[in-house]
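Reader: I'm new to protein models and would like to learn how to read one. Could you take me through it slowly?

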Amino acid sequence: MTRPLVLVVEDDTVMRRVLTVALRSNGYDVRSTDSGRGALREIETNTPDMVLLDLGLPDIDGFEVTAGIRRERELPIIVLSARDEEHHQIRAFDDGVNDYVTKPFREGELMARIRAALRRPIAISERREIRCGDVHVDVSQRRVFVGGAEVALTATEFKVLHLLAQSQGRVVTHSQILRAVWGPSQAYEVQYLRVYMRQLRQKIEEDASQPRRLLTALGVGYRLVPADGD
Amino acid sequence: MAAPIPGARSAIRAVAWALASAGLAYAVQPYAQRSDLEMIHLLVIVLIALRFSLRDTLIACTVSTVSFDFLFVPPHFAFALTDAKNALVFIAMFVVATVISTLVERMRRQEQRARAAAFQAEALYGLNVELAGLTDARQLAAVTVRHLERLFDARAVVLMRTPDGAFDGADPRDVEPAERAWMRREYTRVDAPGAKSIWLPIAGIRAPLGVVGLMPPESFAKESEQGFLLVACVNQLATATERVLLTNAVHRTELETETERLRNSLLSAVSHDLKTPLATMIAAATTLLRRHATLDRETVEALLADIVGEGERLNELILNLLSITRLESPTILLRRLPQALDEVVAEAVLRFEKRGESPSVRVNIDADLPLVSAEPLLLQQLLSNLLENGARHAGGEAVLEIRATAGPGSVTVQVADNGPGIPEQERDKVFEKFYRAAGSRDGGVGLGLTICRAIVQAHGGKIAARGRPGGGALIEFSLPAMAETPLLPEPSPPAEAVNA
């Protein structure tokens, strides 16, 4: 099996070198560039399997790079940024990036996010069952099991969980969830969502006040991760 | 009746008195001595002198004397001064009339002057009292205008000079004369027909502070009584304005000094606290760089862990500094979202525990906590700081506890530790900038709790330090709760395959 090729787009030389070392030692092939245009060229010529993208680049910013990539292909993008404000994250997720890691970060966390992003995207029509750690979503029968025991969910709770399971490991923004489950008119009623998330957590978490599966990206959205994984 | 000569009316009245008294004397003549008649004559002269001006008195006196001479001094019904005694009596009459009239006139003038002085004193006192209570230059001007308009029954303006050399809010037609008075720095009368006005500079320590303009129906000189009153009023305005400006300047200086002091202590604290972890990181890294071949595995790992730990400490510090800068800016705009505290607490605890070697946290949250409207990352920072603070003060055996409860209209969160606690008298001080607990050994600029307070206050909440029952510190904050949110309806037509 060939090693996945990761493209590092980062203008800081030291960070670029550290990332290269970390990725190589974790079993990835690495190419790197220090500019947005360089990134678009690299993607054209070397077809990497995923991109680690800094937002603040000297020529064109990360959002433009994302737009440029998304016009062409579907490869996973993880943003690495020192900007932690929610609106940057929301914009990035709405633009279709797979994950957003704020600097500074720990190597372990970054590698976990990369592994999650590289998992084969789930073809919706084909998948009848989705697994995320010990959470098992049986799509065809609309049933959910946690650690083997069935959990009774309402229709809405099931839709929310299904959506998060399809994008597992990835943050799904509030508006993406609201639009997908309730339709476009509800896209901004964020507070309703909290209530459903609370209910869902009470059903699928051991301790709803300290969730391990259904995590919050504060002010941005939610993410389903395998419990105690990574 | 239009008087052809000014004061003719009073002269005629005085003469009428004189003639009436002569008539009276003529009527009583058969029953009286000549000396009695002279007494009547004298009495009338005295009465006239008391009531009328010197001129009128002299006219009346002449008429009276001539008529007495005509009626009573032999030869009767003829004008003749036959003996020296009579002549002497008449001269005495004139002298008495002149003396009394002059004295009375002087008294009258004094009284008038006293009345004018009292009026001015009262007017100035009224103005002074009102000006003394004010602390704003604009209000001073407005009050002065009101007083001047009442005292002089004329339009008045106060034009303060702005730093860029214009008159604040001046009517265009007032600018030219105001400018002239300001340049001359003197009482300036403008006597254009139909537009009489008087302009005075408001004296300041270095340059005039502005100009006062008055548009009276009749212009008056600086030396007149009205002129004196106007100048006095303007002087009071000048003193009051100067006082206000000085007070403001003192306030500004105090504020600047305080800001400067804070900035300096912030800078020195920050540079110390930024450099300490950096120094550790550089020292550890250079040791590893040069000696990694000879160091044993455990030492290498310990040094590496130090580098990571110090780096994270640096990161926290920078986040806190950024937040306090933002929270202290006067125009802070919070990016508020409806926020579930259980989610924020969970995130903060998760991050805290990920940091390794952190004590465990017990979380106890009411099931149906209302939402709060807050900026998510600030709330998370608030909780992180409180956990960090608890861990630091409780030391190795720390047990931390977060409890969130719903109160009427608010949500209350308590973060408690089992450390030494905060002495009662210091509980208010812990939120002050650069406060560090007595005997606290390790880092922290003393900004953590200050930021907590700033975050809570920015969201309209309250924060306080308390004692934890059974020992330890407890920090409690509460935030206003949002109104109950109804559940979204279940989407009616079962939406098919969910396409994100």
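Reader: Let's start where the chains meet: how many residue pairs are in polar contact between chain B and chain A?

Author: Before counting, a word on the ground rules. This is a predicted model, where local features need pLDDT of at least 70, side-chain atom pairs count only at pLDDT 80 or more, and totals for chains, interfaces and linings use all residues. Residues are numbered from 1 along each chain as its sequence is written, chains are lettered from A and ligands numbered from 1 in the order in which they are written, and side-chain values use heavy atoms, with hydrogens and water left out. Now the idea: a polar contact is a pair of N or O atoms within 3.5 Å; within protein, one must be able to donate a hydrogen and the other to accept it, and residues adjacent in sequence count only if both atoms are side-chain atoms. Between chain B and chain A there are 7 such residue pairs, both residues at pLDDT 80 or more.

Reader: Which parts of chain B supply the side that touches chain A?

Author: Helices (H or I, at least four residues) and strands (E, at least two) are DSSP runs, numbered from the N terminus. On chain B, at least two residues each come from α8 (297–328), β5 (337–339), α9 (341–354), β6 (361–365) and α10 (376–394). The most comes from α9(B), with 9 residues.

Reader: And how do I put a size on the meeting of chain B and chain A?

Author: The size of an interface is often given as the accessible area lost when the parts come together. Here buried area is the accessible area (1.4 Å probe) that two parts lose on being put together, summed over both. For chain B and chain A that is about 3600 Å², and carbon and sulfur atoms give 55% of it. Contact means heavy atoms within 4.5 Å, and this one takes 42 residues from chain B and 39 residues from chain A.

Reader: How many salt bridges does the rule find across that interface?

Author: Side chains of opposite charge can pair when their charged atoms come close. The rule asks for a side-chain nitrogen of Lys or Arg within 4 Å of a carboxyl oxygen of Asp or Glu. It finds 6 across the interface of chain B and chain A, while the structure holds 35 over all chains. One pairs Glu353(B) with Arg212(A), their closest N and O atoms being 3.7 Å apart. Another pairs Asp342(B) with Arg198(A), at 3.3 Å. Asp342(B) sits in helix α9 of chain B and Arg198(A) in helix α8 (residues 190–204) of chain A, so this pair joins two chains.

Reader: Are Asp342(B) and Arg198(A) buried or exposed?

Author: Buried means under 20% relative accessible area, exposed over 50%, partly exposed in between (1.4 Å probe, protein chains only). Both Asp342(B) and Arg198(A) are buried. Compare a salt bridge inside chain B: Arg55(B) and Asp56(B) have their closest N and O atoms 2.9 Å apart. Arg55(B) is partly exposed at 40% relative accessibility, whereas Asp56(B) is buried at 2%. Bridges that share partners can also link up: Glu86(A), Arg326(B), Arg335(B) and Glu375(B) are joined into one network.

Reader: Which residues of helix α11 of chain B are buried?

Author: In that helix (residues 448–458), they are Leu449(B), Thr450(B), Ile451(B), Cys452(B), Ala454(B), Ile455(B) and Val456(B). Their cover includes α8, α10, β10 (462–467) and β11 (473–480) of chain B. After α11(B) comes Gly460(B), with a positive phi near 75 degrees.

Reader: What about chain A: how many helices and strands does it have?

Author: Chain A comes to 8 helices and 12 strands, and 56% of its 230 residues count as buried. Take Asp99(A), in strand β5 (residues 99–102): it is buried, at 2% relative accessibility. Leaving aside neighbours within four places in sequence, Asp99(A) is in contact with residues including Ile77(A), Phe93(A) and Arg113(A).

Reader: Last one: where is Gly204(B), and what does it touch?

Author: Look in the loop between β3 (195–202) and β4 (210–215) of chain B. Not counting residues up to four places away in sequence, Gly204(B) touches Leu209(B) and Glu242(B). Gly204(B) and Glu242(B) are 38 residues apart in sequence, with 6.6 Å from C-alpha to C-alpha.
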